Amino acid sequence: MYKWPELRKSLSVLVLAGFSLAASAADYTNIGRAATPKEVAAWDIDVRPDFRGLPKGRGSVDQGQQVWDGKCASCHGTFGESNQVFTPIVGGTTKDDVKNGRVAALTGNSQPQRTTLMKVATVSTLWDYINRAMPWNAPKTLTTDEVYAVTAYILNLGGVVADDFTMSNENIAEVQKRMPNRNGMTQSHGLWQTSGKPDVKNTACMKDCLKEVKITSELPAFARSANGNPVEQNRTIGAVRGVDLSKAAVIKVSAPAADEGLKLAKQYACTACHGVKDKVVGPGFAQIAAKYKGDANAEANLIKKIKTGGSGAWGDIPMPPQGHIKDADIKTMLDWVMRQ
């Protein structure tokens, strides 16, 4: 039972809290609105290890190869062996790994490169990442059936499923039982520093905070070679290729400019490979502008280059085709690029 002074104190706190909430709500009058169920559903796309959230669909290995050849091979190689930048997806697993659920090469370090199929323990992770992030220049453009098909094709390259296999929401749990590293998951090390403290169980640090926030995009030095240096890797399939990441330029994010061309370049992920002034993976936009300055055919040639992709103009690293970008958006971007 409350004594009067305690009750009066409690009521005062409640009144102040209510006033504070009312004042807070008043501060945001006419700003924002509650998300609709359809909007929430559009964002709620995660697929869990127990396959909760997995949509209905199906796709065969053959269908996956067709999608792969058109939208994935330019970055990941025809057989998942990768190219100069991206690390291999397929390789390093055996029939015994599929049978035992543990990749032997991870223990013996007998492979020059730890591939995706060697490390990933759950097929839901593979499906979910393809669904939300691929192709990297146009994420979320694959249909649900295409995601099933591409996942099936990757697993077929690794000998996990047969050539005539069709993956669906109804049989993906059976595929999980064939994942080569399904019994190899561990939480005993950090994400980047495999010999360090697990970073997935850390508590938030709330002291010694930086007084000035500086927005940059940069991997810490110890993380840049977490997946090895591609130039030193011996790929088991295809030509031996790779770039020396230790000599690659560090990506620095410039201050955003209120320009429609730059906004579109970011929207279509062009800035993932091209800096505004400096080379990242491909040349900087200013370098492109300098090369084509005074060229009457610059716009036509660059439009073709963006739509069809290719390599050779600035080195061996290929530029993936961007046929999905509207002509008007390309011209807006080129107008901005040529003013750099």
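How far is the sulfur of Cys-72 from the closest cysteine sulfur, and which residue holds that neighbour? The neighbour is Cys-75, and the distance is 8.7 Å, which is too far for a bond. Keep in mind that this is a predicted model.

Let me stay with the cysteines. A disulfide is a covalent bond between the sulfur atoms of two cysteines. To count here, two sulfurs must lie within 2.5 Å. At 8.7 Å, the Cys-72 sulfur misses that cut-off, so there is no bond to Cys-75. Now Cys-273. Its nearest cysteine sulfur also belongs to Cys-75, at 7.6 Å, and Cys-273 is in no disulfide. Search the whole structure and you find zero disulfides.

Buried or exposed, then, for Cys-72? Buried, at a relative accessible area of 10%. Cys-273 is buried too, with 16%. The cut-off for buried is under 20%, so both values qualify.

Next, the chain as a whole. The protein chain has 14 helices and two strands. It runs to 340 residues, and 34% of them are buried. Its accessible surface is about 21800 Å². Carbon and sulfur atoms account for 55% of that surface. Now the contacts between residues at least 6 apart in sequence. Of these, 61% join residues at least 24 apart.

On to the aromatics. A pair of rings is described by the distance of the centres and the angle of the planes. How many aromatic pairs does the model have? The count is three. One of them is Phe-285 with Trp-336. Their ring centres sit 5.2 Å apart, and the planes meet at 70 degrees. Over 60 degrees counts as edge-to-face, so that is what we call this pair. Where are the two residues? Phe-285 is in helix α12, residues 285–292. Trp-336 is in helix α14, residues 327–337. The pair therefore ties together parts that are 51 residues apart in sequence. Both residues are buried.

Last stop, Met-118. You will find Met-118 in helix α7, which spans residues 116–119. Met-118 is buried, with a relative accessible area of 0%. What does Met-118 touch, leaving aside neighbours within four places in sequence? The list includes Gly-91, Gly-92 and Thr-93. Val-103, Ala-105 and Leu-106 are also among the contacts. So are Gln-111, Gln-113 and Asn-181. Take Ala-105 from that list. Met-118 and Ala-105 are 13 residues apart in sequence, and their C-alpha atoms are 8.0 Å apart in space.

To close, back to the cysteines: zero disulfides, with Cys-72 and Cys-273 both buried.

Conventions. Residues are numbered from 1 along each chain as its sequence is written. This is a predicted model: local features need pLDDT of at least 70, side-chain atom pairs count only at pLDDT 80 or more; totals for chains, interfaces and linings use all residues. Side-chain values use heavy atoms; hydrogens and water are left out. Rings of Phe, Tyr and Trp (its six-membered ring) pair if their centres lie within 6.5 Å; planes under 30 degrees apart count as stacked, over 60 as edge-to-face and the rest as tilted. Helices (H or I, at least four residues) and strands (E, at least two) are DSSP runs, numbered from the N terminus. Buried means under 20% relative accessible area, exposed over 50%, partly exposed in between (1.4 Å probe, protein chains only). Contact means heavy atoms within 4.5 Å. Accessible areas come from the Shrake-Rupley method with a 1.4 Å probe; for residues, only the protein chains shown count as cover.
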